[in-house]
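Let's take a walk through this one together, starting at a single helix and working outwards. Keep the viewer open as you read.

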Amino acid sequence: MFEYAPAPESRSVVDLKPSYGLFVDGDFVDPADGGTFKTVNPSSEEVLAEVAEAGAQDVDRAVRAARQAYERVWGPMPGRDRAKYLFRIARIIQERSRELAVLESLDNGKPIRESRDVDLPLVAAHFFYYAGWADKLEHAGFGANPRPLGVAAQVIPWNFPLLMLAWKIAPALAAGNTVVLKPAETTPLTALLFAEICQQADLPAGVVNIVTGAGDTGRVLVEHPGVDKVAFTGSTEVGRAIARAVAGTRKKLTLELGGKAANIVFDDAPVDQAVEGIVTGIFFNQGHVCCAGSRLLIQENVADRVLESLKRRMARLRVGDPLDKNTDIGAINSAAQLARIRELSDAGSAEGAERWSPPCELPERGFWFAPTIFTGVTQAHRIAREEIFGPVLSVLTFRTPAEAVEKANNTPYGLSAGIWTDKGSRILWMADRLRAGVVWANTFNKFDPTSPFGGYKESGYGREGGRHGLEGYLNV
Amino acid sequence: MTATATSARSELSELGRSETALRTFLHGLPGVDQVGAEQRAAQLGTRSIKTTAKAQAIDLAIRMVDLTTLEGADTPGKVRALAAKALRPDPADPSCPHVGAVCVYPAMVPHVAEVLRGSGVHLASVATAFPSGQAPLEVKLADTRAAVAAGADEIDMVINRGAFLAGRYSEVYDEIVAVKEACGSADGGRQGRPAAHLKVILETGELATYDNVRRASWLAMLAGGDFIKTSTGKVPVAATLPVTLVMLEAVRDFRAATGRQVGVKPAGGIKTTKDAIKYLVMVNETVGADWLDPDWFRFGASSLLNDLLMQRTKLTTGTYSGPDYFTLD
């Protein structure tokens, strides 16, 4: 047997401070009421740093700083000069990508292979892409002279901390807005390192403000009357609350919420690649992906064969230390999320679905959950309806393309879907009928800054990425 | 799956009898998505193999090398030197294992045989009008028999790519069956020398698509090949990781269907330890430990061995010696 020796990425590249302040008006400042919280490494429960908790006064200060920067500096600045700053930020991100990747894996628990090969390249690509738009907004299809909105309040989740920051900040800044961003309370560190990068890039003070904190901080931020735009990525439940809070105000809102995507495998699919796609679809980032392919729909006549291949492949997944370069599946981000995954998995077993996980040893400390599939799942089961947001796959079968469409669409969500078949015409036929914002064909979880991303129904509204992603930050 | 395995096995052995049956079967195999296969191969290439795992991989890779010379300029002296190196790749370090085999042209086989006799290092000979295969069948069979008679215990044949690409699968199949027969009688093990192992070179660089690679792999296995091999090393595109991935999937599925295990040999263009380790990772994570053995996986290579030896010395001594410390052959 060929055992891989541990190949840990060095932590020494990251210079962790014992405590972090808020990034307001170009400087790190202490919160007005001195509140702090701890952020931990989910793979070991080790405390990484103390982070300031922003209260109403701090949020107000940040919004004012953003307003001032918008009115005096960033709003009037010619697009090509804004582009210069964005290109500079993109380059610094590339230069410091190893440091950012290690910090992301430490704070989030995702494997270094993913933070290094997926998150960071996409983060830099987003800044490069939107930097290119900054001086070409009049050609983006939103009129001759599209104007920015003003101050954007942005609240992002913990699953792709830095990538979601890039999705939010890059288009906002390119369009001429200034931002106040609140990272998730379990993963604030890369956003704070990004704040340092803004300083390094000489970005004018107040253009980017980072306020750390939990749900209350986010609520105060989106409800602040000085905000012109609210962008949120996270759970549907919080998204609803934000929509209620913003209703009736002048604030423009985009929401990117939950999902329960169907990954549909036809009998003529390229089986080995489909199995890879199923694995990528649900086990990428521990399944902490809003567009995860969490419902696998397999055509009945190949179900046994596909499941056999899938189980064989799952037995090869390497679960463990996120900083080991050979790890495929890292830690669950928090105790709370682990509890939710356990609750829904237990419900799956209780409701009669058959549960299977490959034999795998989980570390003793930290938050861990083995990759799991449920077979014999019906549409009525909770695990087929609710977003688990973990490495848990529900397997259903279908007989005809029409039945596949019906089952795939039978969900309140509509963020993404996958189709696996060698038949091009069937891909087009299915894509026409699937009510999902993104439809992948013979691939899954593929992202690119040029491609718009967003949902239908309870998965939210508005698009991020591509030319379409500018619309949410322009007065059109 | 197991309940139907026996009937599946007998059905598969019948396929070669009819062109239609063979075509229907080969074209009914699941397709290969090019983007997905290449992405998976690239992902496996990012594995980080260090310290003890690297030492283990290097020794295994040395044992898997088919140390090859296939030049018009080969001489008896040169191939003897190569055979000596195959036996003791690192004369300074007796703990270094010997390679899997030496691979030469048929005319060179007797010279190599003298050196290798009784050593456990196999003697492979290319045959069947290598590398083009453009000769009448009788010539190819005579080529094969001559190599076996001279002492080769492994035959690396080339398939008829022209016939394969034209869709004349039976022709390719029958040729492999005939060469397999020329390698020696099936029960020869009991009466003297065992039959030579047959490696079937698909020349994947000329097959153009991964679908074709998968079909050619199955065709070669159905016809009785003991190994499937990527390339001759004589066309511009030789072994690649994605091609080897598709072939590994084929041998895995073939064993599941028939119970017979077939080996895989990427050949050509594998020059560094880093490359070799990527292949071993791919074997490990695609077909598993059963194939991590020189009986089931080989590298067709020449310059690879010296790089493996240099890395091996680096790991054991901590210093990196220059190329002058290793023999050139």
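## Starting at helix 9 of chain A

Just after helix 9 of chain A comes Asn285(A), with a positive phi near 55°. Keep in mind that this is a predicted model. The helix itself has 13 residues, and at 1.5 Å a residue these should span 18 Å; the end C-alpha atoms are 18 Å apart, so expectation and model agree. How many of the residues of helix 9 of chain A are buried? The count is 13 of 13, so the helix is largely enclosed by the rest of the structure.

Part of what lies around helix 9 belongs to the other chain. Across the interface, 20 residues of chain A are in contact with 24 residues of chain B. On the chain A side, helix 4 (112–133) and helix 9 (271–283) each supply at least two of the touching residues. The largest share, 5 residues, comes from helix 9 of chain A. By class, the chain A side splits into 7 nonpolar, 5 polar and 8 charged residues.

Now look at what helix 9 of chain A meets over there. Its axis and that of helix 3 (residues 34–44) of chain B come within 9 Å and cross at roughly 60°. That angle makes the two helices oblique to each other, and their crossing is left-handed. The residues that meet are Gln273(A), Glu276(A) and Gly277(A) on one helix, and Gly36(B), Ala37(B) and Arg40(B) on the other. Sorted by class, this contact has 1 nonpolar, 3 polar and 2 charged residues. It's worth recalling that an α-helix has 3.6 residues a turn, so residues three or four places apart point the same way.

Let's move over to chain B and pick out helix 13 (residues 304–317). Its 14 residues should span 20 Å at 1.5 Å a residue, and its end C-alpha atoms are indeed 20 Å apart, which agrees. Helix 13 of chain B is mostly covered, with 10 of its 14 residues buried. Which residues are they? They are Leu304(B), Leu305(B), Asn306(B), Asp307(B), Leu308(B), Leu309(B), Met310(B), Gln311(B), Arg312(B) and Thr313(B). These buried residues pack against helix 4 (51–64), strand 1 (65–68), helix 12 (273–286) and strand 8 (299–301) of chain B. After helix 13 of chain B comes Gly318(B), whose phi is positive, near 85°.

Back in chain A, two acidic residues are worth a stop. Asp107(A) sits in helix 3 (residues 97–108) of chain A. Is Asp107(A) buried or exposed? It has 32 C-beta neighbours inside 10 Å, and the cut-off for buried is 20 or more, so Asp107(A) counts as buried. Setting aside neighbours within four places in sequence, Asp107(A) is in contact with Thr39(A), Asn41(A), Leu48(A), Pro161(A), Thr187(A), Leu189(A) and Thr190(A). Ser44(A) is 63 residues from Asp107(A) in sequence, yet their C-alpha atoms are 10 Å apart in space.

The other stop is Glu386(A), in the loop between helix 12 (382–385) and strand 15 (392–398) of chain A. With 18 C-beta neighbours inside 10 Å, Glu386(A) counts as partly exposed. Here, too, the chain comes back on itself: Glu386(A) and Gly258(A) are 128 residues apart along the chain, while 9.3 Å separates their C-alpha atoms.

Conventions
Residues are numbered from 1 along each chain as its sequence is written. Chains are lettered from A and ligands numbered from 1 in the order in which they are written. This is a predicted model: local features need pLDDT of at least 70, side-chain atom pairs count only at pLDDT 80 or more; totals for chains, interfaces and linings use all residues. Helices (H or I, at least four residues) and strands (E, at least two) are DSSP runs, numbered from the N terminus. The expected span of a helix is 1.5 Å times one less than its number of residues. A residue is buried if 20 or more other C-beta atoms lie within 10 Å of its own, exposed if 12 or fewer, and partly exposed in between; C-beta atoms are placed from the backbone. Two residues are in contact if their C-beta atoms, placed from the backbone, lie within 7 Å. Ala, Val, Leu, Ile, Met, Phe, Trp, Tyr, Cys and Pro count as nonpolar, Asp, Glu, Lys and Arg as charged, and the others, Gly among them, as polar. Axes are lines fitted to C-alpha atoms, for helices over the stretch in contact, and angles run from 0 to 180 degrees between N-to-C directions. Angles under 35 degrees count as roughly parallel, over 145 as roughly antiparallel, 65 to 115 as roughly perpendicular and the rest as oblique. A crossing is left-handed if the near helix is turned anticlockwise from the far one by less than a right angle, and right-handed if clockwise.
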